[in-house]
Structure formats: C-alpha cells, structure tokens
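Visitor: I should like to go through this structure by question and answer. Please show it first.
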Amino acid sequence: MKVWTLHLGLIVVLFAAQFWLSPYHSTNLARIMVLAVFAMGYNLAFGYTGLLSLGHALFFAAGMYGAGLPAQLWGVTAGPALILGILAGGGMAAAVGLLALRTAGVSFMIVTLMFAQAGYLAILYFAAVTGGDEGFTLPAAARSIAGLDLSSDTPRFLAALTLFAVGLLVSLALVRSPFGRSMVAIRENEERSRMLGLNPFTVKLVALVLSGLYAGAAGAAYGILFGYAGASFATIQYSILPMLYVLLGGAGTILGPFLGAALMFALIEVASGVTSAYLFLVGAALVALVLFAPRGILGTIRERWAKWLP
Amino acid sequence: MALEVKGLTAGYGPIAVLRGVDFRAEPGQITCLMGRNGVGKSTFLKCLMGLIPASGGSIQLNGVALQGLPAHEVPKRGLAYVPQGRRLFGPLTVAENLAVGGLVQGNDRTTLQRVLTLFPRLRERLTQTAQTLSGGEQQMLAIARALCLAPRVLLLDEPTEGLQPSMIALIQEAVLTLKAQGVAVVLVEQRVDAVLKLADRVGFMRAGRVEETRDAKGLAVGDPVFQTFVGV
C-alpha cells in the first residue's frame, strides 16, 4: 500500500506541477519524464537483470525513427507512429539480444556498443531516407493525437506524463511479479538461478526486449513531442545517459531512473549557466556520488532508511 | 525406484573426476555418500543437476532420462540441490529467496506453508535479508528454498558443515521429516555420527566411483569401512 501510494503520489505531484511551472520548466519536465522512461527501460536490463549495455541508443533511435519515418514518409499519425516506434525498439532489442546475450560482462558491453555504432553509421549512410546528420522534423499532422496538438505545452506535458505514469506503474508491477524475481535472481547469480529451474538466457532476453520496448517508447515519444529525429540520438552519448541516470538515482530502484534523470538534467542546467566546461562539474558530482553513495541516491536511502522501497 | 545412476562419467576438461558411478536413491530413504576430499562427491551431485555435463553413463528418475538435459530443466523433473556453502541470494530477503525457489512450481502456497512448518525459524525472518542470517539459518533457508521446488529427490552437500550443535540437530530433524514425507534424500556427509544417525544406506566413494554400498544398520563407529574410505 505504502509503495503504491508513493508512486501514485509522485504522478499526482507531477500532474500538479504543470500549474505552477513556467512554460520553459514545464517543457523541461516533459523532456525529463520522457528520458526517465528511457532510463526505466535501462534499469530493467541493468538494475534488475545485471545487463550492462552500451547499446541502448540503438533502441532509443529505433523508436525515434520507427515512429518518425512512417510519419514523415507516409503521413502516419501520432498514435500508430508511437506503437510502431515501441515495436521497433523492442524488435531491435530482440535481434541484438539473440546475438549479444551469448556473451556476458565486458564482452556484452562491447557487442552492444558495436551494434549501436552500426546503427548510428546506418543512419548516416542512408541519409537519403533518414536525413543523415541533420535529421528531419516531424510533420505537424504526426504531432497530434485525438485532436490535441502535441507541439503545444499542455498537451505535450500531459502526453509525457501519461507515458511516464504508464511506464512507472508497469515497471513497478513487473519487478514485483514472479518474472521480476527471476530477473533479480539472474542478476545475483546465474548458476544458482539455473539450479532452481530458471533459464538465464530466456529471462535476460525477455528483460532486454522489455528494456527495448521502453527505450523505443521514449525515442518515439521524444520525436513526436519535440518534433525532431536526428542521428545525434543514436550516438554513444545516448547509451551512456540512461546508465548515468540509473547510477545516479539508484540501480534496481523503481524511482531511481526518474530521480537520476531529473537531477542530471538540473545539474547540467545549473552547471552550464556557470561555465562552458560544465561537464567537469557534472563529472565531479558523479565522482562524489561514487565515493559517498555508490548505490545511487535511492539505493542508499533504501539501504539505510527505507528498506521497503522497491 | 526414484533415482538410478549407471556408469556415470564426468570431469573438468581433460581431467576425469567421475569414472563410472553406479548409485541408487529410493523414496523415503536417506542415502549418504562418504569419501575423502577430492573423490568426486560434490562433482557427482553437480553432474546429477546438469551443472557439469556427463560424458557417459545414464541418470534416470523414475525411468525418465535426465542426462543431457540443460541444467535449468533438471529441477523441473523433480531434483533439488542444496550446494555446499549454501549459495543463497544474499541481498534478497528470506521471503524473496523462497519465492525464487518456488517460481518453477508457480509458488504454490501449500508447499510454502509446508516448508515454513519445517523451518518455523524462517517464518520469523521473512523480511530479513539472507546475508544477515546466522550460518544455521542460512542453511535452513538453502534447504527451504530447494524444497519450494517440491522435489522428489533432494541432494544435500554437507549441510551441517561449520554449524553449531543446536543448528545441526534442527537440520537433521528436518531431513528426517523429509524422509518420512517420502522424499529421497541424497546426503554428502563427512561426519560418521551424522551418517549413523540419518542414513538408511551409505555409498563409499573412492577415485570417482562408488566402491562400496552398505546398509547403515550394519555400521557402527569404528567400522573399518570408515577408516578405509574416509580415514576416521
């Protein structure tokens, strides 16, 4: 009960935030919520299943282009485009997983990174369709759903919040389900899990596909809500960002990805106002985190004070 | 017949450890395995579970072949294994460890209640993480987690190693209860007193084989067979 109250309470607070935030901050919060969905997906793979991937930019970009290209080329509207984007992210994760999950640890990181780089280069290579480095803007028709113009502040915020809320609650239900326990068992020790009848390959593949569905949803939503798809979203930076969000907020915690995304966003916002070398400040903050709260913020809170936090 | 092993061979790469093990475990009986360090007792249990591939021989449970199955399929056929050193999921709570143990069986409530009745101390520790339990409680949890699979054959690898006498007594009592419930228990044990108290039959291993099998009723402390195979 306490757990559901906390998570539903956060959704209510975020809903209320639109009434007192300026349009600028409201847009930023919408962006944070979408990126938090991306990080939630990463958390399912890394935080709960122990899969340290460096290829999630590929799933994010698959979602973004999976939604954006049909919208641009064939005039597909926002709803179907979002579904196509989600499926593209999940499908890409399944394809990568079938091959990459034959490796583990550092090898898995390198193989997923390789796939993501291949995806990035493919976007550049097929520039005639993808727009290459410049990308493309999504047509206005693709940025409305049920008569709501998603390019304007309030509908965009509500769409981002809806996606975030669904992602958060599904994630919560998932990790508390038998399958969620399987993921954690695999993360803790594969051989012990095998002794208890769990198939590590299947569990990891399903977890990676779920993670890809989240990343695809975030990529598609990002493209639709902010009106742009570009190759920069397929770079390694977009594989590292969700990892940082998760590490900062707390790997293996439900709210950690959101907290991490929000704090990192705020940190960059503040630091970039102070100096153009703001990444140094961000780096220093991360070093401090590793030193003083290696389990991330919520991970540390859970460990010390609130063991009930999922 | 619960478990029947014939001519089982296995090893680690080119090193042969099991060199033709013949072994039987019956329902409602405790079959102990004894032998000096390195004779292949733990390797034998791992091989039964599919954690080490068999290079030859056969393993049958009620006539169904188990050799060659992937390790994760073996528990679904009725074998459960409690390895030496417990091997729990340390950061998970007692309840979560038990839930993971019961996943394959769909976390049947009746099984869970039976397990908690067997180890009432765990009922008091359900929300505690496994790594914070005492050694004896961890061993209870390791056995309880395996029992959540509702196994027909339970493989225990030195379950009382390093425990205080009161805990040893509790675990031995639980093993006898499982026997009474019809489970075939295979127990790797080094302590003669424990073997004499629990076993129905004792298999003595040497150089990767079960060289002698004796009815436990005919054994006593000081029997030369212990000196021959265990060195005590």
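Visitor: What percentage of the residues of chain A count as buried?
Guide: The model is a predicted one. A residue is taken as buried if 20 or more other C-beta atoms lie within 10 Å of its own. Among the 310 residues of chain A, the share that counts as buried is 49%.

Visitor: What radius of gyration does chain A have, and why does it agree with a compact globule?
Guide: The C-alpha trace of chain A spans about 55 × 45 × 40 Å along its principal axes. For 310 residues, a compact globule would have a radius of gyration near 19 Å, and the value for chain A agrees because it is 19 Å.

Visitor: Which strands of chain B stand at the edges of the sheet?
Guide: The open sheet of chain B has four strands in the order 2-1-4-5, with antiparallel pairing. A strand at the edge has a single partner strand, so one side of it is left without a neighbour in the sheet. In chain B these are strand 2 (15-25) and strand 5 (64-65).

Visitor: Which residue of strand 5 of chain B stands opposite Leu61(B)?
Guide: Strand 4 (residues 54-61) and strand 5 of chain B pair in the antiparallel sense over two bridges. Opposite Leu61(B), in strand 5 of chain B, stands Val64(B).

Visitor: Which element gives the largest share of the side of chain B that touches chain A?
Guide: The contact takes 15 residues from chain A and 19 residues from chain B. On the side of chain B, the residues divide into 13 nonpolar, three polar and three charged. The largest share, four residues, comes from helix 2 (residues 94-101) of chain B.

Terms used. Residues are numbered from 1 along each chain as its sequence is written. Chains are lettered from A and ligands numbered from 1 in the order in which they are written. This is a predicted model: local features need pLDDT of at least 70, side-chain atom pairs count only at pLDDT 80 or more; totals for chains, interfaces and linings use all residues. Two residues are in contact if their C-beta atoms, placed from the backbone, lie within 7 Å. Ala, Val, Leu, Ile, Met, Phe, Trp, Tyr, Cys and Pro count as nonpolar, Asp, Glu, Lys and Arg as charged, and the others, Gly among them, as polar. The radius of gyration is taken over C-alpha atoms; the globule rule is 2.2 Å times the number of residues to the power 0.38. A residue is buried if 20 or more other C-beta atoms lie within 10 Å of its own, exposed if 12 or fewer, and partly exposed in between; C-beta atoms are placed from the backbone. Two strands pair if DSSP finds at least two bridges between them.
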